[in-house]
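Hi everyone, thanks for coming. Let me walk you through a structure that's probably new to most of you, so have a look at it first.

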Amino acid sequence: MRLDRFFSEQTAYSRKEAAELIRGGAVSVNGAAVRKPDTAVNPEADEILLRGKPVLYRKNRYILLHKPEGVITASRDRTQKTVLDLLRPEDRLPGMVPAGRLDKDTAGLLLITDDGQLTHKMLSPKSHAPKYYLAALRDPFTEETAGMFRAGILLREGASEELCLPAESAAVAPKLAVIELHEGKYHQVRRMFAAAGNHVEKLLRVQIGAVRLPPDLPAGSYVNIFNKDAESVLKKSHISDVCAFVMQNYSSYWINGGK
Ligand code: URA
């Protein structure tokens, strides 16, 4: 890979800025100063320093976005704002796509990455990572609803029927419930509550696996995280821990206008 490309992929510098830095003598490779932007480097083996400090090589990128309502989970759209439009240009790198989706009207945790393997693992039915949602309901949450979800609720639409996998759920306030899903059917949480005779007014994804929506991250903002942290989407969690996390951080989410 060319040295200037390495910089444009791994740092916030554009290729042009990187070329200027290299020509200016700010960069060394394996201890030797280099001044040619087209110098070939092997990012996995070579030690590349910028003003004496190592530029760490990251094979994949991972972004944790607090998706706001009103934005669609797509890479691009002719008319509507997409989650990728929320990224700064330097983070909108080739191959970065949302891992899974949230409805336009749903807010919360969304992973955006170019790591296809992790995305596949996260979404594959075999290791389907648990996803946790906080639902604000029209009517109080009941134990009867929890029982229906635990047994596997049937979603009926016209002549079609879809049986959901058993799902755990629990109330954190009379009209606020956390639900754990291991699959991703279309509008699943909203349709499950509708099938139980309730209605979801607002929906927030608070956790995937063991990765939580950072409480200090405002809607529309994001953070870059490392591979080892992103891989925690595959870890197990327990709904009681998620409820405690929600009660501490998100029980007044909508009262505060979505943070
Ligand atoms: N279930 C829904 O209804 N919407 C989402 O965005 C995710 C799960």
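Let's start with strand 1 (residues 27-29) and strand 3 (residues 48-50): they run antiparallel, and 3 bridges join them. To pick out one spot, Val27 has Leu50 in strand 3 as its bridge partner. Helix 1 packs on the sheet here, where it touches strand 1 and strand 3, and its direction makes about 70 degrees with that of strand 3.

Before I go on, a word on where this comes from. It's a predicted model, where local features need pLDDT of at least 70 and side-chain atom pairs count only at pLDDT 80 or more, while totals for chains, interfaces and linings use all residues. Residues are numbered from 1 along each chain as its sequence is written, and side-chain values use heavy atoms, with hydrogens and water left out.

Some terms, too. Helices (H or I, at least four residues) and strands (E, at least two) are DSSP runs, numbered from the N terminus. Two strands pair if DSSP finds at least two bridges between them. Contact means heavy atoms within 4.5 Å, and the angle is between N-to-C directions, on a scale from 0 to 180 degrees, using axes fitted to C-alpha atoms, for helices over the stretch in contact.

Back to the sheet as a whole. It's an open one with 4 strands in the order 2-1-3-4, paired antiparallel. Strand 2 (32-33) and strand 4 (53-54) are at the edges with a single partner strand each, so one side of each has no neighbour in the sheet.

Now, how many salt bridges does the structure hold? There are 14, counting a side-chain nitrogen of Lys or Arg within 4 Å of a carboxyl oxygen of Asp or Glu.

One of them brings us back to helix 1: Asp4 and Arg15 meet through their side chains at 3.6 Å, N to O. Asp4 sits in helix 1 (residues 3-10) and Arg15 in helix 2 (residues 15-23), 11 residues apart. Is Asp4 buried or exposed? It's buried, at 4% relative accessibility, whereas Arg15 is partly exposed at 37%. Here buried means under 20% relative accessible area, exposed over 50%, and partly exposed in between, with a 1.4 Å probe and protein chains only.

Another salt bridge has Arg191 and Glu162 at 2.8 Å, N to O. Arg191 is in helix 5 (residues 188-195) and Glu162 in strand 10 (residues 160-163), so this pair ties together parts 29 residues apart in sequence. Arg191 is buried at 12%, and Glu162 is partly exposed at 30%.
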